[in-house]
Amino acid sequence: MPRLESRRSLAANSAPMLRTILAYGAILAVGAFGLEWLQYQFLVRKHAVEIYVTLIALAFMALGVWVGARLFRRAPPPAFEHNARAQETLGISQRELEVLELLAAGSSNKEIARRLDVSPNTVKTHVAKLFEKLAVRRRTAAILRARELGMIR
């Protein structure tokens, strides 16, 4: 029982001490706030022109960003539509079109062969036929021609 009584007396004695600590803390906080406010007032008065110029510059910058976003907003690109008619007209098979798409993706003959599960010689044959059908001599020209016709992206 003596321990319980000593705890109660300690709690009773610490309540006024706690109030005193909180009062001093509040007074110090108000004093610190007051000093910061005075320093701010001094700063605003001493550098008023710079502060106003900065605020106006920030406002114009925000306005410029907003106007730029409104004026130069890009419309989303239209969805790609495959031109099946050009493919039919040129006589390009579905497998040749797959090879052409992989060529456009930058794949080598070996990579295309692995991807399509055919031999590299078969890929070379498809590429040669594509060159003939598109009337070109290089891969880049074939890709450009196919994009012009709307066969690939």
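**Core.** I began with the nonpolar cores of this predicted model, and found that the largest nonpolar core has 21 residues, with Val99, Leu100, Ile112 and Met151 having the most contacts inside it. I then looked up which elements give two or more residues to this core, and these are α4, α5, α6 (120-134) and α7 (139-149).

**Leucine 100.** For one of the residues with the most contacts inside the core, I listed the partners while leaving aside neighbours within four places in sequence: leucine 100 is in contact with Leu130, Leu134, Ala142, Ala146, Met151 and Ile152.

**Helices α4 and α5.** I next turned to the packing of helix α4 (residues 94-104) on helix α5 (residues 109-116), where the angle is about 130° and the axes lie 10 Å apart. That angle makes α4 oblique to α5, and I noted that α4 passes α5 in a right-handed crossing. On the α4 side the contact is made by Arg95, Glu98, Val99, Leu102 and Leu103, and on the α5 side by Ile112, Arg115 and Leu116. Sorted by class, I count 5 nonpolar and 3 charged residues in this contact, and no polar ones.

**Serine 107.** I then went to the loop between α4 and α5, where serine 107 is found. Is serine 107 buried or exposed? I recorded a relative accessible area of 16% for serine 107, and because the cut-off for buried is under 20%, serine 107 counts as buried. Not counting residues up to four places away in sequence, serine 107 touches Leu102, Ile112 and Arg139; I note that Leu102 of α4 and Ile112 of α5 also take part in the contact between these helices.

Conventions. Residues numbered from 1 in each chain as written. Predicted model: local features only at pLDDT ≥ 70, side-chain atom pairs only at ≥ 80, totals over all residues. Heavy atoms only, no water. Axes fitted to C-alpha atoms, helices over the stretch in contact; angles between N-to-C directions. Helix = DSSP H or I, 4+ residues; strand = E, 2+ residues; numbered from the N terminus. Parallel < 35°, antiparallel > 145°, perpendicular 65-115°, else oblique. Left-handed = near helix turned anticlockwise from the far one by under 90°. Contact = heavy atoms within 4.5 Å. Nonpolar A, V, L, I, M, F, W, Y, C, P; charged D, E, K, R; others polar. Buried < 20%, exposed > 50% of the residue type's maximum accessible area, 1.4 Å probe, protein only. Core = buried A, V, L, I, M, F, W, Y, C linked by side-chain atoms within 4.5 Å.
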